[in-house]
Amino acid sequence: MNYQWNIFWANLNPTQGSEQSGKRPVLVISEEAVNQTLPIVTIICLTSYKPGRKIYPVEVLLEPEVSQLSQPSIAMAHQIRAISKEYLGSKCGFIESEDYRDQIRSIVKLYLDLL
């Protein structure tokens with residue numbers, strides 16, 4: 001199974017504070033060779049977009065035609081984490097567009113000060 005750029009349902013509980021929690025879609029961003037070697041993957045949490053919500057510089061708006069999800073979602077680089085593959089449920093979408101992959105790479109670099 002390939003992981004990178006795929007969106008899976010994941011149960012992120014337990015959490016604390018402002019961490020994204022519950023069952024939600026997550027986007028795997030870690031490099032595929034690493035994903036095939038390690039028992040963990042690095043993910044960005046996604047949240048549903050509510051009209052009028054500000055999109056921050058460390059976020060990317062993903063329309064359904066981009067993510068294959070049923071509603072607009074926001075990829076949040078400030079909610080990046082490594083999780084066990086055991087937390088991943090069924091695949092529910094993917095990012096095929098190289099332009100959006102580049103946008104996601106850019107927000108991760110911005111958030112981690114790798115620019």
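# Exercises on a predicted single-chain model

Read along the sequence, the protein chain runs β-β-α-β-β-α-β-β-α. This is a predicted model, where local features need pLDDT of at least 70, side-chain atom pairs count only at pLDDT 80 or more, and totals for chains, interfaces and linings use all residues. Residues are numbered from 1 along each chain as its sequence is written, and side-chain values use heavy atoms, with hydrogens and water left out.

**Exercise 1. Work out how many helices and strands the protein chain has, and check its radius of gyration against the globule rule.**

Step 1: Elements are DSSP runs, numbered from the N terminus: helices are H or I with at least four residues, strands are E with at least two. That gives 3 helices and 6 strands.

Step 2: The radius of gyration is taken over C-alpha atoms, and the rule is 2.2 Å times the number of residues to the power 0.38. For 115 residues a compact globule would come out near 13 Å, and the protein chain has 13 Å, so the two agree.

Step 3: For the outline, the C-alpha trace spans about 40 × 30 × 30 Å along its principal axes.

**Exercise 2. Find the aromatic pair and classify it.**

Step 1: Rings of Phe, Tyr and Trp (its six-membered ring) pair if their centres lie within 6.5 Å; planes under 30 degrees apart are stacked, over 60 edge-to-face, and the rest tilted. The count comes to 1 aromatic pair.

Step 2: The partners are Tyr3 and Phe8, with ring centres 6.0 Å apart and planes at 40 degrees, so the pair is tilted.

Step 3: Now for burial, where buried means under 20% relative accessible area, exposed over 50%, and partly exposed in between (1.4 Å probe, protein chains only). Tyr3 is buried at 11%, and Phe8 is buried at 2%.

**Exercise 3. Place Met76 and list what it touches.**

Step 1: Met76 sits in strand β5, residues 73-84. Its relative accessibility is 3%, so Met76 counts as buried.

Step 2: Contact means heavy atoms within 4.5 Å. Skip residues up to four places away in sequence, and Met76 touches Gln20, Ile44, Cys45, Leu46, Thr47, Arg53, Val58 and Glu59.

Step 3: For a C-alpha check, take Ile43: Met76 and Ile43 are 33 residues apart in sequence and 9.8 Å apart in space.

**Exercise 4. Look at phi for Trp5 and Asp113, then say whether each is buried or exposed.**

Step 1: As background, most residues other than glycine have a negative phi. Trp5 has a positive phi, near 75 degrees, and Asp113 has a positive phi too, near 60 degrees.

Step 2: Trp5 lies in the segment before β1 (6-11), while Asp113 lies in the segment after α3 (98-111).

Step 3: Trp5 has a relative accessible area of 6%, so Trp5 is buried. Asp113 has 67%, so Asp113 is exposed.

**Exercise 5. Describe the surroundings of Pro64.**

Step 1: Pro64 belongs to helix α2, residues 64-67. At 23% relative accessibility, Pro64 counts as partly exposed.

Step 2: Leaving aside neighbours within four places in sequence, Pro64 is in contact with Leu69, Ser70, Gln71 and Pro72.

Step 3: Try Asn13 as a far reference: Pro64 and Asn13 are 51 residues apart along the chain, and their C-alpha atoms are separated by 26 Å.
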